[in-house]
Amino acid sequence: MTLVPIYINGLGIVSPQATTDNGHFLEHPVAVETNRLRCADPGYREYIPAELIRRMGRLIKMGVTASKICLKDAGFGQESAPGNGIPDAIITGTGLGCIEDTEKFLTSMIKNNEEFLTPTSFIQSTHNTVAGQIALLLKCHSYNFTYVHRGISFESALIDAITQMQLGNFSNVLAGGTDELTDHSYAITSRLGHWKPKPIHSLSLLDDSQRGSIAGEGASFFFLENKKSTRTYARLDGVSTFLKPSSGQEISSRLHDFLRDQKADIGNIGMVLLGLSGDRCSDQFYHDFMENNFPEAASGFFKHLCGEYQTASAFATWLASMILKTQTVPEVVRISRPPTRLEQVLIYNHYRGNNHSFILLSRP
């Protein structure tokens with residue numbers, strides 16, 4: 001079977017940074033004293049009918065807004081677009097789904113002794129609510145799937161999108177990753193030691209010696225097509241996931257197998273984006289990875305900009321796409337020297353040492 005190239009032709013992202021306008025690329029990074037990063041809410045009324053906003057949970061508003069920005073960015077939201085702006089498929093990934101609505105429903109059950117419950121919070125608490133709401137607004141009755149695979153949920157969505165497009169089932173896919181942070185979820189995971197016990201300067205994440213990371217959230221969408229356009233950001237070459245590697249040697253072996261499958265040369269990778277979270281223990285995976293495989297390569301990181309969450313790799317994919325499109329690496333992202341060439345970017349991420357993934361993007 002001849003493999004079809006897959007291009008990222010549109011981006012839409014709601015994050016703790018000023019990212020809703022793809023014409024600006026981290027020109028003024030948000031820097032705060034915190035141990036949690038909350039998304040900067042855009043003007044939702046620009047993207048969602050006013051009568052619907054009040055019934056939507058926060059993650060739903062973030063996801064719908066990011067998807068609409070993405071389609072518009074791809075030139076696919078206009079009436080003149082193919083299929084009247086309706087994508088062939090909507091595929092998303094989420095680690096925890098709509099936590100806010102889940103909390104509302106459970107709280108209502110307790111307070112009302114399981115009686116007189118309104119269904120709205122329950123309906124919106126399911127993990128596929130974001131993808132479903134996008135489909136309803138777009139009147140898209142096609143393939144709609146949400147993956148809930150913990151720290152590789154977004155990667156699972158990408159793998160499905162790639163597979164479906166390679167099989168010829170779809171010519172385009174709206175793919176995304178969404179997760180939110182609430183006060184309750186933050187409090188619970190804090191007790192488990194996930195986050196820094198004291199606030200830190202977010203841009204100095206790697207300089208802090210406390211255990212844990214800073215919590216984050218975000219909604220990122222990508223419009224994937226089997227043809228290149230003037231709007232193309234990057235080519236999506238491949239995605240690989242694996243669980244609980246036994247050693248750094250196993251990770252290196254999986255990297256080389258992955259690159260061989262993509263017919264990629266390790267020497268062509270101009271930059272490696274690492275999911276460094278500021279937790280000294282789990283970050284050791286990344287340090288060993290670079291030492292064993294890319295001792296001289298340019299490297300960068302991203303979780304000081306978006307925080308740690310189960311679909312943070314979606315933010316990294318946005319970042320890598322922008323880097324390849326603009327051929328620039330913002331100073332706030334760099335760990336080492338700037339790259340001498342930017343033909344390919346490799347993203348290596350893991351969530352709490354369990355779910356590991358590679359995403360490879362190329363200059364179109």
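The legends below describe close-up views of a predicted model.

**View 1. The ten-stranded open sheet and its two edges.** In this predicted model, ten strands make up an open sheet of mixed pairing, arranged in the order E4-E3-E5-E7-E1-E8-E12-E11-E9-E10. The edge positions are taken by strand E4 (143-147) and strand E10 (298-301), each of which has a single partner strand, so one side of each is left without a neighbour in the sheet. On average, and with direction ignored, neighbouring strands of this sheet are turned by 25° against each other.

**View 2. The pairing of strands E3 and E4.** Strand E3 (residues 89-93) and E4 run parallel and are joined by five bridges. Within this region, Gly93 is the residue that stands opposite Tyr147 in E4.

**View 3. Helix H2 across strands of the sheet.** Helix H2 (residues 58-73) lies across strand E1 (7-14), strand E5 (172-179) and strand E7 (218-225), and its direction relative to E1 is about 145°. H2 also belongs to the elements that cover the buried residues of H5, the helix shown in the next view.

**View 4. Helix H5 and its surroundings.** Helix H5 (residues 129-138) is mostly covered, with seven of its ten residues buried; these buried positions are Thr129, Val130, Ala131, Gln133, Ile134, Ala135 and Leu138. The cover over the buried residues of H5 includes the helices H2 and H4 (120-123), together with the strands E3, E4, E5 and E7. Following H5 comes Lys139, which has a positive phi near 60°.

Note on methods
Residues are numbered from 1 along each chain as its sequence is written. This is a predicted model: local features need pLDDT of at least 70, side-chain atom pairs count only at pLDDT 80 or more; totals for chains, interfaces and linings use all residues. Side-chain values use heavy atoms; hydrogens and water are left out. Two strands pair if DSSP finds at least two bridges between them. Helices (H or I, at least four residues) and strands (E, at least two) are DSSP runs, numbered from the N terminus. Axes are lines fitted to C-alpha atoms, for helices over the stretch in contact, and angles run from 0 to 180 degrees between N-to-C directions. Contact means heavy atoms within 4.5 Å. Buried means under 20% relative accessible area, exposed over 50%, partly exposed in between (1.4 Å probe, protein chains only).
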